[in-house]
Amino acid sequence: MKQFSYYLKTVDDLEACLSAFLSECPKNPSSILISIFSSWTSHSDIAKIAKNLTDRIPCATIIGATSYAEILNGLYSNRTMILSFTVFESAIIKIHTFDLRMGKTLAAAEAFKKFCETTPLLKGVCLLSTVSTPDLEAFLKKLSEVPPEIEVFGGCAAVYRPQDKPYIFTNKEVFTAGIIAVCFLGEELHVRTNVGLGWKPLGRSLRITEVEGDRIVKTLNGNPAVRIYETYLKVTPKQFDSESLVFPFVLERDGEPLMRLPADTRTDGSLIFTADCRKGETMRLSYGDPGEIINSSREISRSLVQFAPQGMFIFSCMSRQKFLQADTNRELRPFHSIAPNLGFYGHGEIARINGHVILENCAIVTTAMREGKPTIMPRLPEEPNQSQPTTMPLVQRLANFVAATTAELEEANEKLAKLAKLDRLTGIYNRGEIEQILQHTISCEHSGKRASDHLSAIMIDLDDFKLVNDKFGHQVGDKVLKDIAKVFERNIRPTDSVGRWGGEEFLIILPGACLKAAKSIAERIQKAATKAPPLPDGRTVTLSVGIAEFPSDGNFQSFYRHLDDALYHSKNNGKNQITLYEGE
């Protein structure tokens, strides 16, 4: 495998590039992939170049995309075109195109998935698309089902001038909303994809509370989504395009961090994203650290030394280049020391991470290829120090301070939220929480969401507890309440809930338990209570118990009344007994 790449500044440069390639091209290649990535958006110019290439090299496969900027051998450029020839000795290329302007994305995804599953020696799939492709994420999700050893990578077309429209193309077709899939097959072909980020989370988690479609987030934590930028970063909508690049969002999905960069705002305070965001997911702002971003790419290049690639494809986010600016080449340079490479800056990056094929933002996706066994590679050269500060920059220190204090605050809030649910003396649920659990369980009963038809509860009262306080004092009384609460916790099932209803009264909720099962649990608790630590005079506290099963036509009030009636019966018929409510 070999890659030959050239810059074109005008259409007239094509002949010189072709002549140079044909003089160097290995004889009898198995396949040739011609990649065209261009800041030019002229359909006529690109069509002319594609036709000339087809006429001169009819056996080649031609793909391309418009781009914000181009990548070639460790350098970026814009307002140019990259023309690259990837020549394989034994690997085969097959191309699939999908015009999705009329929808039918899921059908196309299903058909392509079947091709991937039934094609022997398929090692990698390169996808070119546009962010306007309907249900692009659904197409990618379907590809997550193909065998895990198949690498999937690619990028979404972009434009340098905002007034232009991005598109992808072959030598025969142009798509403003579609997908081009290039399949690489070969027994001797090896493919490896890596993803670099380098952005760090900052501040507290925010829940997506309202969306419109899958790329417009209307509210975060119930507030207009744009407010997070206005409140915490003092970024106005007029500043948004430039300032938001430094602070994209990071969310976690399927155990992996995903970057999401809002492209614009709406007058209603919504944020418009170029990749999907789902209601109920949590997001955090993140900040760009040039050193970390550059290091993430350098680590990827280090990991590829032993792989010894013969060529590379690089797909990076245009926001990454806008953010790094003069440092862009520092991020790309390590890849050139590994192998020839080409790519472009686009609107989104496609990669397979832990089996899931996803659309990323703010990332750099590198795919390395080789045919045959790896050759011995030289050690990756160290990059010369380019006036980097020897101490951590002030902004980074402040960001670390904010991240650390946010983590501490979130931990404290979690503890406070937990304490708000618990009875301070006994450590079990308090009245408000156990009542809320009971009402929620009853609502599940009505909506048919419970796993069983039964729901029972036990109401327990400590017999003659007032006498304990009067005779031995409240300190002894408090210890009795703590000890009996431990008895309850040790003798209920994991699915049950126990709370202090008030004073010396307790409520135990038993999902899935009929009266007979509830009585068995109550008897176990009564027996265990006799083994609790005794009072100072040697006696143990006894329990009066009332049990009721939730009626199919009942509600919270009637259920509680049945429990109270059963407990009243036990208290007034000698105490230290169990009464089952079995109807009026």
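1. Let me start with a register point: Ser129 stands opposite Ile179 in strand E12. One residue along, Leu128 is opposite Ile180 of E12. These residues belong to the pairing of E12 with strand E8 (residues 122-129), an antiparallel arrangement joined by 7 bridges. Strands here, like helices, are DSSP runs numbered from the N terminus (E, at least two residues, for strands; H or I, at least four, for helices), and two strands pair if DSSP finds at least two bridges between them.

2. A word on provenance before going on: this is a predicted model, in which local features need pLDDT of at least 70 and side-chain atom pairs count only at pLDDT 80 or more, while totals for chains, interfaces and linings use all residues. Residues are numbered from 1 along each chain as its sequence is written, and side-chain values use heavy atoms, with hydrogens and water left out.

3. What does E12 have on its other pairing? Strand E7 (residues 92-99) runs antiparallel to E12, with 8 bridges between them. Within that pairing, Thr97 has Ile180 as its bridge partner.

4. You may like the burial pattern of E12 (residues 178-185): 8 of its 8 residues are buried, so the strand is largely enclosed by the rest of the structure. Buried means under 20% relative accessible area, exposed over 50%, and partly exposed in between, with a 1.4 Å probe and protein chains only. In a regular strand the side chains alternate between the two faces of the sheet. In E12, Gly178, Ile180, Val182 and Phe184 are buried on one side, and Ile179, Ala181, Cys183 and Leu185 are buried on the other.

5. Zooming out, the sheet is open and has 6 strands in the order E7-E12-E8-E9-E24-E25, with mixed pairing. Its edges are E7 and E25 (356-360), each of which pairs on one side only. From one strand to the next, the twist averages 15 degrees. Such angles run from 0 to 180 degrees between N-to-C directions, and axes are lines fitted to C-alpha atoms, for helices over the stretch in contact.

6. Two helices deserve a look alongside this sheet. Helix H3 (residues 105-118) lies across E7, E8 and E12 and runs at about 170 degrees to E7. Helix H4 (residues 136-143) packs on the sheet too, touching E7, E8, E9 (151-156), E12, E24 (348-353) and E25, and its direction makes about 150 degrees with that of E25. Contact means heavy atoms within 4.5 Å.

7. Elsewhere, the axes of helix H7 (residues 290-303) and helix H9 (residues 328-336) come within 9 Å and cross at roughly 5 degrees. That makes H7 roughly parallel to H9 (angles under 35 degrees count as roughly parallel, over 145 as roughly antiparallel, 65 to 115 as roughly perpendicular and the rest as oblique). Among the residues making the contact are Ile293 and Arg298 of H7, and Glu331 and Phe335 of H9.

8. Two backbone angles are worth checking by eye. Most residues other than glycine have a negative phi. Lys104, in the loop between E7 and H3, has a positive phi of about 60 degrees and counts as exposed at 70% relative accessibility. Asn28 has a positive phi of about 55 degrees; its loop lies between helix H1 (14-24) and strand E2 (31-38), and Asn28 is exposed, with a relative accessible area of 73%.
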